[in-house]
Amino acid sequence: MDIILKPFAWLLLAFYNLTHSYALALVLFTLVIKVVLFPLSIKGKRSMMKTTSLQGKMKQLEKQYGKDKQRYQEELQKLYEKEKVNPMGGCLWSLIPFPILIGLYGIIRQPLYYLAGLTVDQVNTVIKAVEGAGAVFKGNSGYEEIFVADLLNQPQYMDAARTALGEAGSKLFTMDFHFLGINLAGVPNWKIWEGPFDWPTIGLFLIPVFVTLLNVLSSRVSMKTNSFNKNESNPAADATSKQMMIIMPLTYLWFGYIMPGGMCIYMAANAVFMMLQDLLCARILRKEYAEMAAKREEQERLEKEEEKRLKEERRLKRLQEAEELKKSKGKKKPVKLEKKKGPTNEAGRIGLRAYARGRSYDPDRFGGVTPYQDPDHPVDEEAMEAALKAKAAKAEEAQAMEDEDLLEVPEESAGSEESDGMEESEALEEAEDLEEDESEDEDIEE
């Protein structure tokens with residue numbers, strides 16, 4: 001961690017030696033950080049602008065696949081790959097100031113270790129020497145070092161600390177933490193009613209409020225410069241941005257009342273430079289965005305023309321298929337009525353349904369049904385045999401009559417109509433029904 005923070009500490013100390021103002025040193029430190037990170041910031045701004053320019057297509061995908069969330073995510077990923085857009089690109093670069101904020105917090109909290117270059121044991125020695133000289137610290141123990149560094153501006157505490165350190169006392173130097181009459185080494189107290197009611201206390205209380213207002217304004221400027229076209233706004237993204245405009249400033253407000261005032265100066269300067277950076281990026285990227293928008297419009301126009309051409313081809317193809325189908329229906333082949341075949345045996349009938357059991361139905365296939373014999377009245381076998389022969393003869397006679405009466409249906413020519421064949425078929429069926437009725441009457445008479 002020291003490898004990263006030592007360069008930051010050296011830069012902050014250099015600006016302090018140049019300006020002899022703790023607040024101005026923090027402002028210049030913030031400006032240098034913004035300049036160094038400007039290439040990454042403009043890259044993130046470009047990514048956010050590209051993502052915003054795709055809102056129209058994203059709405060179409062949401063309307064088309066809104067119910068199928070998995071398919072919507074797949075199509076959205078394909079869109080990002082096609083347009084070469086990283087949706088997280090803008091967010092990642094915007095998170096870079098947070099590690100810097102944490103690092104600067106460590107430097108501000110421990111000025112004796114990072115700015116004066118003392119070791120941990122030497123810092124503890126200085127703290128004990130100042131306490132032995134009568135200093136009483138009642139705040140957060142994490143800010144005891146910056147409290148002692150502020151007390152070193154008083155001669156009695158500086159002499160006590162140098163005496164305790166011996167030769168290492170030469171490293172100590174005074175650092176003025178005051179700005180506009182406000183002690184930036186102190187932590188703002190949000191309980192303003194506890195007093196005292198003087199400018200240092202009231203001014204320190206107002207600094208976090210001022211920082212919060214600046215961050216709200218910075219968030220609005222950033223949201224406005226992410227897109228140059230009002231029609232490309234995304235309601236969901238706008239709602240999220242509005243929520244962030246409330247959450248992030250409240251976070252800075254909370255930080256302001258738990259950290260030393262020097263951190264509020266950094267956060268205020270960072271918000272101002274962020275607004276200037278967004279305006280500058282928008283000015284630089286305006287021409288690039290216009291070219292990108294024109295290119296996308298031309299691509300969409302070509303895609304629409306291609307879709308229109310394919311649609312017209314499909315329409316012509318359907319018309320051609322319909323015309324061919326119409327021509328094929330005009331050339332009808334002659335209809336040939338097949339000869340109606342009657343049942344091969346009388347047993348195949350059930351009432352008027354000639355083929356109810358099939359033409360090859362044989363009730364005696366498995367030896368027939370054994371007639372019932374009453375054990376008390378023996379059956380006359382000769383009479384039974386005569387009845388069976390009569391039945392067989394009757395069936396042969398009926399079959400012969402059917403074969404003689406069957407009519408063959410002549411084949412129609414190409415111009416014959418199907419209605420004539422249907423009438424002849426109905427006539428044949430009526431003739432068969434009449435024959436069956438006659439045979440049934442004969443059975444009844446017998």
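**View 1. A salt-bridge network joins E298, R301 and E305 in this predicted model.** Within this network, the side chains of R301 and E298 meet in a salt bridge, with N and O 2.4 Å apart. Both residues belong to helix α14, which covers residues 261-330, and they sit three residues apart, about one turn of the helix. R301 is partly exposed, at a relative accessible area of 37%, and E298 is partly exposed with 37% as well.

**View 2. Here R309 pairs with E306 and with E313.** The E306 and R309 side chains form a salt bridge of 2.5 Å, N to O. For E313 and R309, the closest N and O atoms are 2.5 Å apart. Along helix α14, E306 lies three residues from R309, while E313 lies four residues from R309. Partly exposed residues here are E306, at 36% relative accessibility, R309, at 38%, and E313, at 41%. In total, the model counts five salt bridges.

**View 3. Now meet D150, a buried residue that has no salt bridge.** You will find D150 in helix α10, residues 144-151. Its nearest side chain of opposite charge is R162, 15 Å away. Beyond its neighbours within four places in sequence, D150 is in contact with F177, H178, N183 and A185.

**View 4. Helix α5 runs through residues 69-83.** Its 15 residues reach 21 Å from first C-alpha to last, close to the 21 Å expected. Y72, E75, L76, L79, Y80 and E83 are buried. Seen down the axis of α5, these buried residues fall within an arc of 145°, so they line one face of the helix. On the other side, Q70, K78 and E81 are exposed. Just after α5 comes K84, with a positive phi of about 60°.

Key: Residues are numbered from 1 along each chain as its sequence is written. This is a predicted model: local features need pLDDT of at least 70, side-chain atom pairs count only at pLDDT 80 or more; totals for chains, interfaces and linings use all residues. Side-chain values use heavy atoms; hydrogens and water are left out. Helices (H or I, at least four residues) and strands (E, at least two) are DSSP runs, numbered from the N terminus. The expected span of a helix is 1.5 Å times one less than its number of residues. Buried means under 20% relative accessible area, exposed over 50%, partly exposed in between (1.4 Å probe, protein chains only). The arc is that of the directions from the helix axis to the C-beta atoms. Lys and Arg count as positive and Asp and Glu as negative; His and the chain ends are not counted. A salt bridge is a side-chain nitrogen of Lys or Arg within 4 Å of a carboxyl oxygen of Asp or Glu. Contact means heavy atoms within 4.5 Å.
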